[in-house]
Amino acid sequence: NKYLNIPGGRMIIGVTNIKGGVGKTTSSLAIATAAQRSGLSVTVVDTDPQGSATLWAQAAEDADDPLPFPVVSKNQAEIRRMRERRPDRDGELIVIDTPPNGAVVDEAIKTADFVVIPTLSSPIDLQQTMLTAAQCQDAGKDYAVLIVMARKGTNALRAFRTAVEEYGAGIFDTEIPLREDFKADFGHTFRSNLNGYEDVWNELRGELR
């Protein structure tokens, strides 16, 4: 996939979509978990004012089930500074979880080496996802759309994938199925089965050079 082309030694992944409710935080933490399980040192950066990733990490700590990597909060200026300081230069993976809007989204896209765009497969999600893809293109960033909460085998899912491909956008081969497990995972480490996010990480890792 020509859109999965991350420069060698630089590993900052942004997870963003200007549409809310598409599983950005779940995707950020699940990708981070898969990367950590593969042996990488990982940090998740929470840029959402609502602090969803931070709340998840705090709840997990309170439940004596802490996440296997730190979750830190950073604002727009700090994300911009990351472009200069390259906190990943020692081989660490940085995953930036973003809110659906605000200037910090633009900074995250500019800072990331690669952008993951999680989305549901509905027409309104397609519209917002393509606008997010256009932001990545304007910033000259490689990206790929990740279909989450997918109802496998449906015409809507096939039509969505076709529409993304016809737009010329990168898209992951992996689709994350609709499962109740993810709701139960809030405030805990993920179970051994990441329900497809292992494969998402493998697609990303295969292009890390």
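Q: What makes β1 and β4 count as a pair of strands?
A: Start with the rule: two strands pair if DSSP finds at least two bridges between them. Here 4 bridges join β1 to β4, so they qualify, and they run parallel. I12 stands opposite I94 in β4, and V15 has D97 of β4 as its bridge partner.

Q: What kind of model is this, and how are its residues numbered?
A: It's a predicted model, where local features need pLDDT of at least 70 and side-chain atom pairs count only at pLDDT 80 or more, while totals for chains, interfaces and linings use all residues. Residues are numbered from 1 along each chain as its sequence is written, and side-chain values use heavy atoms, with hydrogens and water left out.

Q: What makes β1 and β5 a pair too?
A: There are 3 bridges joining β1 to β5, which meets the requirement of at least two. These strands also run parallel, and one of the partnerships is G14 with V115 in β5.

Q: What do the names with β and α stand for, and how many of each are there?
A: Strands (β) are DSSP runs of E with at least two residues, and helices (α) are runs of H or I with at least four, numbered from the N terminus. The protein has 6 strands and 8 helices.

Q: Why are β3 and β6 called edge strands?
A: In the open sheet the order is β3-β2-β4-β1-β5-β6, with parallel pairing. Each of β3 (71-73) and β6 (142-147) pairs on one side only, and that earns them the name. Neighbouring strands of the sheet are turned by 25 degrees against each other on average, ignoring direction.

Q: How do you know that both faces of β1 are covered?
A: Look at the residues on each side: I12 and G14 on one, I13 and V15 on the other, and all are buried. Buried means under 20% relative accessible area, with exposed over 50% and partly exposed in between (1.4 Å probe, protein chains only). Across the protein, 51% of the 209 residues are buried.

Q: What do the buried residues of α4 pack against?
A: Helix α4 (residues 103-111) has V104, V105, E107, A108, I109 and T111 as its buried residues. They pack against β1 (12-15), α3 (76-85), β4 (93-97), β5 (114-119) and α5 (123-138). A contact here means heavy atoms within 4.5 Å.

Q: Are α5 and α6 called roughly parallel or roughly antiparallel, and why?
A: Roughly parallel. α5 and α6 (residues 155-167) pack at about 25 degrees, with axes 11 Å apart. Angles under 35 degrees count as roughly parallel, over 145 as roughly antiparallel, 65 to 115 as roughly perpendicular and the rest as oblique. The axes are lines fitted to C-alpha atoms, for helices over the stretch in contact, and angles run from 0 to 180 degrees between N-to-C directions.

Q: Why are α1 and α8 called roughly perpendicular?
A: The axes of α1 (residues 24-37) and α8 (residues 197-205) cross at roughly 70 degrees and come within 9 Å, so α1 and α8 are roughly perpendicular to each other. T26, S27, A30, I31, A34 and A35 in α1 meet Y197, E198, V200, W201 and L204 in α8. The contact divides into 8 nonpolar, 2 polar and 1 charged residues. Nonpolar means Ala, Val, Leu, Ile, Met, Phe, Trp, Tyr, Cys and Pro, charged means Asp, Glu, Lys and Arg, and the others, Gly among them, are polar.
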